[in-house]
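Thanks for coming, everyone. Please take a moment with the sequence and the model before I start.

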Amino acid sequence: MDQEKLSRLYAEGKTLLPLLIIVIIVLSMPYYFRDKSLSLIGGESYNYARLAENPLKNYDELSYGGRFLVFNAYPLILSLFSRALNIDLMDASKTLPIILGIMALMLFYFILKKLETDKLTLFLACLILAISPPFVYMFTVSNTYIIPIILALLSFLLLLHDKKTIAYPVFFATIFFGIAPFLISLALLTIYSVKTKSYKGLYLLLLVLLLLIPIIKLGLPEFIGFDNLPEGINFRMQTFISELGGEIGLSIFAILLSLFGLKQLWHGKYEHIAVYIAIATLMIAYFFEIRSLLYLNFFISMLAAIGIVRLLYQKWDSVIINLIIGVILILGLISSIIFTIGTLANALPNKDVIDSFAYLNRESKENAVVFSYYVKGQWISSLGKRKNVMDENFFYAPSLNERYNDSETLLHTKDINAAESIINKYKIKYIWIDNTMKNGQVWNENDEGLLFLLRASNKFKRDYVNDYIEIWKVVG
Amino acid sequence: MKIKTFDIVFLIFLFVFVFRLFFSLQTAQFSDYDSYYGLRQIEYIAEHGSHITYDELSYGGRDVLGIPLLFYILALFESLLGTYGLKIASVLIISSLIFITYIIAKRITENEIASILAALCSGFIPIFVFKTLNNITPYSIVYPVIFLLIYSFYRIEERFYLIMFIALAFLLPLMHPIAFLVAFSLVIYSILCYVENIEENGTKKDAVLLFILVTFLIGFLFYKKAFSVIGLSVIWQNIPAKILSESFKGINVFDMIINIGIVPLLFGVLGTYFAIKNKNKDVFLLISLCITGIILLITRLLDFSTGLVLLGITLSIIAAVGFDKFLKYITITKLSRHINTIKFSLIIFIIITLILPSMIGAVGIIKESTLTDNEIIPFLWIKNNTALSSTVLADLDEGNLITGMANRKSVFDTNFLLVKNSDKIFEEATSLFTAESEIKALELITKYDIDYIYLSENTKNKYNIKELKYGMDEKCFEKVFKDGPREIIKIVC
């Protein structure tokens with residue numbers, strides 16, 4: 001390697017290294033502060049860890065009481081990663097996202113560099129991304145969006161380097177991680193293709209997609225006839241902003257800064273139209289798929305960095321105000337990440353949840369069906385290793401709407417006959433209830449619906465209880 | 001000896017101060033039941049040095065958010081001078097608004113007479129007097145701080161006012177969520193300046209940004225928990241929908257005119273017209289405050305009386321422009337010979353339309369809304385004769401008397417923030433006053449763990465009842481206290 005290359009590498013390292021150190025620290029924090037007796041965060045991460053035990057299986061006997069499984073490459077990658085490093089799947093589910101997070105940051109860095117972003121903006125954009133709540137969530141909690149985002153970033157980097165022959169296959173690989181991430185990436189690629197007027201690749205991609213149609217013998221998946229998120233627009237707003245309690249929401253300070261960034265971009269009028277359209281597309285997509293925020297976050301980070309640079313270089317009439325604004329912005333961004341780390345560190349499942357499923361696993365028969373609110377379904381199948389009636393994996397789920405309606409009836413009915421008929425229909429043996437369900441997620445009162453029946457009817461016996469969980473056995 | 005302008009302003013301040021103090025000192029009690037929550041906080045601060053962050057008595061226990069700065073200031077006076085000291089301090093703080101409105105009016109008109117008239121109007125906005133007379137409310141300090149902030153914004157190029165602005169920019173969001181309203185006003189102000197092509201000074205632009213950022217930062221730091229628990233209902237302070245709609249029910253334009261006062265409204269509108277015509281950017285900020293208030297009132301995001309008070313004070317200040325233009329206009333007409341008579345008539349008009357209604361209203365408040373000695377007896381009885389852990393059901397307004405005066409748990413009170421299902425609690429608790437079925441009532445009594453029910457004269461009148469319809473069963477409901485129409489029923493089954 002000649003001297004020039006070495007010095008360039010050294011210069012690159014000088015900017016990248018602090019960023020990498022920061023991202024490693026930030027992404028390790030949630031697990032560092034999490035109770036050591038607990039393992040993963042959320043339900044999805046446990047589910048993928050379970051599926052990774054047998055990643056090529058196309059039938060899941062525990063989800064929806066047994067269902068066909070649409071192939072998702074994420075459990076396979078998790079399994080390969082676990083074998084390659086010789087670590088168990090739980091550790092793999094913690095480590096893989098962090099490693100991919102580092103990769104994502106590097107890819108973002110090189111994309112911005114290729115776009116000839118100035119050094120300060122580049123550094124700030126990466127820094128804001130590294131400490132943004134959606135980024136920390138995405139690369140801490142093992143989820144299916146991690147790899148499609150990496151692939152999308154990689155294919156965009158390749159496209160920027162004019163390596164289309166590699167870029168399109170890389171991009172196409174996102175389809176193996178779910179339809180939603182693929183469609184989001186496709187929308188972004190379309191915007192890029194229109195902007196660069198390179199339609200060939202896009203046509204090719206659509207052609208390959210058409211070839212896939214005969215392969216799909218399953219027919220179209222059942223459309224969800226229910227809203228799987230509470231309270232419509234208010235809830236959307238709440239989840240959009242991290243400070244309002246949104247788990248993967250954007251920081252309000254990053255949003256404010258990005259507005260300054262947008263104003264700066266607007267100086268070039270329609271020169272950056274692709275960016276505006278991409279942001280608008282992702283905002284619209286957000287109303288259908290919350291996780292499109294994970295993609296939007298990259299744009300917001302970039303715009304926020306542009307906003308900060310604009311603020312730094314604009315003429316300041318008051319140094320004190322300048323200084324205070326700077327401190328507030330730093331505090332605001334830091335407070336967002338602190339709250340996010342705290343939330344993730346204390347996220348469910350807690351020890352009570354894990355203990356309750358350990359009990360269920362110990363005491364129940366292997367083919368027992370456990371009923372709960374569908375959000376808890378993945379815990380039932382992953383932690384309890386028992387069949388659930390329904391979980392959050394809706395894609396090609398059997399009789400999805402019927403199961404949802406039955407679940408709702410069972411949760412809210414005070415009519416023992418109606419409850420019994422549903423219990424018999426799904427052969428439910430246990431009912432698992434936690435405090436979140438009792439405090440608004442399902443019920444608001446202690447004597448509402450199923451809660452009333454459980455206490456009033458002799459068809460149910462409380463089998464297990466701790467501070468957070470109740471498990472009722474169907475005895476009648 | 002020539003009277004200086006400042007002497008007149010000081011006289012107006014003294015007049016407002018004495019007026020408020022006179023009515024406040026008529027009684028040892030407060031005219032707003034929510035004041036008893038404040039009193040409890042103040043007493044707690046005086047004793048422990050910090051405020052109650054977890055209220056065990058309200059709704060069976062809930063977190064208290066924000067920093068009640070006013071309570072800290074009043075705690076100092078309370079510990080030195082007792083309840084009367086607290087009243088004096090409270091009146092002193094709210095009366096100081098006269099000086100602030102005067103200096104703002106002077107700044108925007110440079111006309112002393114007009115500014116004096118504006119200051120006089122601001123002291124006697126009827127709804128402002130009714131809502132802040134003889135009570136402990138954070139608004140006593142919030143309103144002066146808002147207008148002081150505005151004044152310091154005007155003069156932000158000067159170092160002293162820059163420091164003052166920065167200090168107040170931190171103080172206001174710490175004191176009250178109304179800071180979001182001011183932040184919103186500053187955004188509207190920037191838009192107005194942009195639309196009207198007014199080049200705004202750089203420091204002011206920075207100041208707007210600073211205030212918005214500080215408000216968001218502090219707001220989210222303090223109210224994050226509330227946002228995550230009750231979501232966007234925080235904006236409505238989680239007030240049950242029924243109460244919100246009740247507070248706007250039966251409101252008509254005539255009421256609004258009377259509450260704000262004809263003079264501030266008339267001259268305020270006139271002032272607004274001239275300010276827009278002359279592109280007076282200082283007045284634009286006040287207009288922005290009015291626009292924000294109106295938008296929030298229309299969207300019912302702001303409590304009706306708070307919105308009107310803010311509108312009233314702001315219009316009083318803008319009215320200075322109206323007075324200025326009116327008086328200048330008179331001087332160029334044939335009426336100029338009678339200018340002093342006109343000025344005098346204007347004062348008489350202010351007295352008739354603002355001071356007199358305020359005075360009559362104040363008499364009514366002290367007579368009708370203030371707790372009498374007889375009304376206190378039941379709460380003292382509860383304090384002395386019930387178990388410390390008892391839960392008492394009283395009507396919504398009296399909830400703070402149960403916690404503040406009787407020191408017992410209330411089923412519900414007016415502090416709704418962080419209360420889950422506030423709508424349902426409100427509906428069920430109020431239904432206990434009118435319920436007919438004993439079974440249904442007992443179900444709710446068990447649910448809320450109620451030990452006593454207090455029926456005041458107001459409660460009986462409000463729900464149009466003479467007694468609890470389901471309370472005939474003596475095995476279950478024992479009347480343990482009766483004093484005239486006031487009674488306390490113990491749940492014994």
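Let's begin with one helix, H2 of chain B, residues 35-48. It has 14 residues. From its first C-alpha to its last it reaches 19 Å, close to the 20 Å expected at 1.5 Å a residue. Keep in mind that this is a predicted model.

Which residues of H2(B) are buried? Start at the front: B:Ser35, B:Tyr36, B:Tyr37, B:Gly38, B:Leu39, B:Arg40, B:Gln41 and B:Ile42. Then add B:Ile45.

What do those buried residues pack against? Two strands of chain B, S1 (54-55) and S2 (62-63). Two helices of chain B as well, H3 (69-95) and H18 (399-404). Just after H2(B) comes B:Gly49, and there phi is positive, about 85 degrees.

Next, the cores. In soluble globular proteins, nonpolar side chains tend to be buried together. Here the largest nonpolar core has 248 residues. Four of them touch the most other members: B:Ile146, B:Phe147, B:Leu172 and B:Phe211.

Take B:Phe147. Set aside its neighbours within four places in sequence. B:Phe147 is then in contact with B:Leu97, B:Ile100 and B:Ile104, among others. Further along the chain, its contacts include B:Leu286, B:Leu289, B:Leu310, B:Ile313, B:Thr314 and B:Ile317. Apart from that largest core lies another, of 30 residues. Among them are A:Leu400, A:Leu410, A:Leu411 and A:Ile423.

Now to where the chains meet. The size of an interface is often given as the accessible area lost when the parts come together. For chain B and chain A, that buried area is about 2600 Å². Of it, 74% is on carbon and sulfur atoms. Chain B puts 27 residues into the contact, and chain A puts in 29.

How many salt bridges cross this interface? Two, by the rule used here. In one salt bridge, the side chains of A:Glu445 and B:Lys447 meet at 2.2 Å, N to O. The count of residue pairs in polar contact between the chains, both at pLDDT 80 or more, is one.

On the chain B side, helix H8 (159-175) and helix H10 (202-230) each supply at least two of the residues that touch chain A. H10(B) gives the largest share, 15 residues.

One last residue, B:Arg159, found in helix H8 of chain B. Buried or exposed? B:Arg159 is exposed, because its relative accessible area is 59%, and the cut-off for exposed is over 50%. B:Asn400 lies 241 residues from B:Arg159 along the chain, and their C-alpha atoms are 44 Å apart.

Notes:
Residues numbered from 1 in each chain as written. Chains lettered and ligands numbered in written order. Predicted model: local features only at pLDDT ≥ 70, side-chain atom pairs only at ≥ 80, totals over all residues. Heavy atoms only, no water. Helix = DSSP H or I, 4+ residues; strand = E, 2+ residues; numbered from the N terminus. Expected span 1.5 Å × (residues − 1). Buried < 20%, exposed > 50% of the residue type's maximum accessible area, 1.4 Å probe, protein only. Contact = heavy atoms within 4.5 Å. Core = buried A, V, L, I, M, F, W, Y, C linked by side-chain atoms within 4.5 Å. Buried area = accessible area lost by both parts, 1.4 Å probe. Salt bridge = Lys/Arg side-chain N within 4 Å of Asp/Glu carboxyl O. Polar contact = N/O pair within 3.5 Å; in protein donor to acceptor, adjacent residues only side chain to side chain.
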